Each structure stands twice: as structure tokens, then as C-alpha cells.
Amino acid sequence: MIGIIDYGLGNISAFANIFKQLNIPFKQVKNINDFESVTKLILPGVGAFDYAMQLLNDSGMREKLDHLILSEKVPVLGVCVGMQIMANSSEEGSVPGLGWIGGKVKKIDASKLNHKPTIPHMGWNQVRAKKDVDIFSGIDYEQGFYFLHSYYFDADNPQDVLAVSEYAGEFVCAVHKENIYGFQFHPEKSLLNGVLLLKNFANL
Ligand SMILES: NC(=O)CC[C@H](N)C(=O)O
């Protein structure tokens, strides 16, 4: 069963509606007692890095999540700031991240853009896969996904880069390490491509 981590941030209902539409069993996980029968996790997020980390730490689920993901290798899919907090730190804040994938979240260099407003990077953009992975099977890369962010995940290890996109130069828009997936874009707001990506994740 898919567990959507509900720590007070993110488009929970958008994920729930997609899994309902796909007839994929899911539940909202609000505390450590809700993990029963969960076999995969979604870590959603919309907002600032430090606030996301504060909410997750205050939720009391941090230790359980670290164990499930790092020791039991439960597959997890992070979205936007839910992906960014998988890093070690962010230029957006000062609180340490989860450190599940080595890297630092950096601000998009707006000086490389000649249109206004320069950031946030908002709207649909294409993605280029750097690895051949099942989670991307059937994806229309030209169509791409919906983005809304001002920071990106600068992965330490190139092996952990799953996909890139172009905005003020090439940037990492997806990371992957073993059972851990993170996407800068919003699958829950990316129509067919997003539904397919979430279906692929459920079928891993
Ligand atoms: N939509 C979001 O969650 C944005 C994440 C982060 N604050 C950024 O600007 O990149």
C-alpha cells in the first residue's frame, strides 16, 4: 500500500485523487502509528526547506522514516521540497536535511535569464533522463512535467542524477539512489505524464 506522508505540507489530496483514479490502494500517514501495511512512500512538499524540515521533525516520524528508507529500503518518492529535504542542506535555509542522497540544494542563478520574472521557474518543461529506469517507462519527455521552484538539488554523485532539465542552464530535476527517488517537478500537477510516473512507482 502507498503511504502519503502527511506532515502538514504538500498536495496530499492531489496524490490521493490520482491513486483513487488508478485504483491503487493508499493511505495518509500522519504519525508513526499509520505505517501499518505501507510498502511504498510518497514525500510531498510545497514550501520552504527549513519549514518542511521543522514540520517533519515535529511530526515524530523522522526516525521511523530513516529506518524504513535507509535500513528496510522501502521505496520513497519525494516531490519538490519533499525531494530537496532528501539532501544534506539547502541555500534556502539553515536546518540540516535528511541526508538520504548526498548533495546540496542551490538557488537557480537568475543572472543567466533575460526574461522577467526570472524565478521561480514556473510552468511546463521538458526533462532528459540520464538513466534507463522503470519509473520513467512510457513517459513523454517532450511533454515533460510541471515545475514551480527557485532551487534545485545539486547531487554530489553524478550516479544519483536521474534526469535534468534546462532553465538558466542545465539543472538536476530528478535524483535516484537505490530505493530513493526525488523529483523537482510536480507529478501530481503534470496530467498524463504525472499519472503515469506515479503508476510506474506503484508498480516498482
Ligand atoms: N514548490 C516548492 O516546494 C518549492 C521548493 C523550494 N522552496 C524552491 O523554491 O525550490
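His-186 is found in the loop that runs between strand E13, residues 180–183, and helix H5, residues 191–203. Please bear in mind that this is a predicted model.

Glu-188 is found in the loop between E13 and H5 as well. The side chains of His-186 and Glu-188 are joined by a polar contact of 2.7 Å.

Let me turn to the annotation. According to the UniProt record, an unreviewed entry, the "active site" covers Cys-80, His-186 and Glu-188. These three residues span 109 residues in sequence, yet no two of their C-alpha atoms lie more than 10.8 Å apart, so they gather at one spot. Of these residues, Cys-80 and His-186 are included in the lining of the largest pocket.

How accessible is His-186, buried or exposed? With a relative accessible area of 4%, His-186 is under the 20% cut-off, and therefore counts as buried. Leaving aside residues up to four places away in sequence, His-186 touches Asn-11, Gly-45, Val-46, Val-79, Cys-80, Tyr-146 and Leu-148. The contacts of His-186 thus include Cys-80, another residue of the annotated site.

I come now to Glu-188. Its relative accessibility is 8%, and Glu-188 therefore also counts as buried, the limit being 20%. With the same sequence neighbours left out, Glu-188 touches Asn-11, Ala-14, Phe-15, Ile-18 and Val-79. Which side chain, apart from that of His-186, forms a polar contact with the side chain of Glu-188? It is the side chain of Asn-11, at 2.6 Å.

To close, Asn-11 and Val-79 appear among the contacts of His-186 and also among those of Glu-188.

Definitions and conventions
Residues are numbered from 1 along each chain as its sequence is written. This is a predicted model: local features need pLDDT of at least 70, side-chain atom pairs count only at pLDDT 80 or more; totals for chains, interfaces and linings use all residues. Side-chain values use heavy atoms; hydrogens and water are left out. UniProt positions are given in the numbering used here, feature names are shortened, and annotations may be inferred rather than shown by experiment. On a 1 Å grid over the protein atoms alone, a cavity is a set of points where a 1.4 Å probe fits but cannot get out, and a pocket is an open set with protein on both sides within 12 Å along at least five of seven lines; lining residues have an atom within 4 Å of a point. Helices (H or I, at least four residues) and strands (E, at least two) are DSSP runs, numbered from the N terminus. Buried means under 20% relative accessible area, exposed over 50%, partly exposed in between (1.4 Å probe, protein chains only). Contact means heavy atoms within 4.5 Å. A polar contact is a pair of N or O atoms within 3.5 Å; within protein, one must be able to donate a hydrogen and the other to accept it, and residues adjacent in sequence count only if both atoms are side-chain atoms.
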